[in-house]
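This report describes a single protein chain. The sequence and the coordinates come before the text.

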Amino acid sequence: MRHFFISALDAVVSIFVILGGLGVIGAAVAVALSRNPAMSAAQSPIGIGTMGGGPMSGLMILVGGFVYLIFVGGFLYLGLGIYHNTRRTAEAMEKLANR
């Protein structure tokens with residue numbers, strides 16, 4: 001039963017990473033294609049006209065979203081990899097003990 005839950009978690013993590021990637025791409029495209037003419041570079045608190053949408057905002061969302069997704073997905077896969085390595089080590093130790 002434990003193997004079922006670990007395999008299910010592996011599938012859920014894979015689906016999460018794929019949907020997260022699609023979500024980042026969708027959000028970046030939506031922001032890149034939008035423009036808010038009320039927010040100009042003079043009104044922007046950082047001095048550039050990226051606060052109201054446009055290609056630069058879309059690029060920033062794309063880069064930031066994928067960096068976040070790589071960190072979160074990487075840590076989730078790291079945890080699953082530790083489990084799998086521990087399981088293989090325990091199986092190898094059992095084989096050695098039975099010799």
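The sections below go from the whole chain to its helices, its surface and a few selected residues.

## Overall make-up

The model is predicted. Its protein chain contains 2 helices and 0 strands. Of the 99 residues in the chain, 17% are buried.

Contacts in the protein chain with a separation of 6 or more are made to 60% by residues 24 or more positions apart. The area exposed by the chain is about 7300 Å², and 74% of this area is supplied by carbon and sulfur atoms.

## Helix 1 and its buried residues

Helix 1 covers residues 2–33, which is 32 residues. From its first C-alpha to its last the helix reaches 46 Å, close to the 46 Å expected at 1.5 Å a residue.

The buried residues of helix 1 are Ile 6, Val 13, Gly 20, Gly 21, Val 24 and Ala 28. They pack against helix 2, which runs over residues 55–98.

## Contacts between distant positions

Leu 69 lies in helix 2. Is Leu 69 buried or exposed? Its relative accessibility is 10%, so Leu 69 counts as buried, the limit being under 20%. Leaving aside residues up to four places away in sequence, Leu 69 touches Phe 16, Val 17, Gly 20, Gly 21 and Gly 74. Two of these partners, Gly 20 and Gly 21, are among the buried residues of helix 1. Between the C-alpha atoms of Leu 69 and Gly 21 the separation is 7.3 Å, although the two residues are 48 residues apart along the chain.

Pro 55 is also found in helix 2. With 63% relative accessibility, Pro 55 counts as exposed because the limit for that class is over 50%. Pro 55 and Val 29 are 26 residues apart in sequence, and their C-alpha atoms are 8.4 Å apart in space.

## Nonpolar surface patch

Which residues make the nonpolar surface patch of about 900 Å²? The patch consists of Met 56, Leu 59, Met 60, Val 63, Val 67, Phe 71, Phe 75, Leu 78 and Ile 82.

Met 56, one of the patch residues, belongs to helix 2. The relative accessibility of Met 56 is 47%, so this residue counts as partly exposed. Patch residues must have over 30% relative accessible area, and the value of 47% for Met 56 therefore meets that cut-off.

## Salt bridge

Side chains of opposite charge can pair when their charged atoms come close. How many salt bridges does a search of the whole structure find? The search gives 1 salt bridge. The partners are Glu 91 and Arg 87, and their closest N and O atoms are 3.4 Å apart. A salt bridge is counted within 4 Å, so the distance of 3.4 Å qualifies.

Both Glu 91 and Arg 87 lie in helix 2, with their positions 4 residues apart in sequence, about one turn of the helix. Glu 91 is partly exposed at a relative accessible area of 40%. Arg 87 is partly exposed too, with a relative accessible area of 28%.

## Aromatic pair

The structure holds 1 aromatic pair. Phe 4 and Phe 5 form this pair, with 5.4 Å centre to centre and 65 degrees between the planes. The arrangement is edge-to-face, because planes over 60 degrees apart are placed in that class.

Phe 4 has a relative accessible area of 53% and is exposed. Phe 5, at 49%, is partly exposed.

Notes. Residues are numbered from 1 along each chain as its sequence is written. This is a predicted model: local features need pLDDT of at least 70, side-chain atom pairs count only at pLDDT 80 or more; totals for chains, interfaces and linings use all residues. Side-chain values use heavy atoms; hydrogens and water are left out. The expected span of a helix is 1.5 Å times one less than its number of residues. Buried means under 20% relative accessible area, exposed over 50%, partly exposed in between (1.4 Å probe, protein chains only). Contact means heavy atoms within 4.5 Å. A salt bridge is a side-chain nitrogen of Lys or Arg within 4 Å of a carboxyl oxygen of Asp or Glu. Patches are made of residues with over 30% relative accessible area and no salt bridge: like charges are joined within 9 Å, nonpolar side chains (Val, Leu, Ile, Met, Phe, Trp, Tyr) within 5 Å. Accessible areas come from the Shrake-Rupley method with a 1.4 Å probe; for residues, only the protein chains shown count as cover. Rings of Phe, Tyr and Trp (its six-membered ring) pair if their centres lie within 6.5 Å; planes under 30 degrees apart count as stacked, over 60 as edge-to-face and the rest as tilted.
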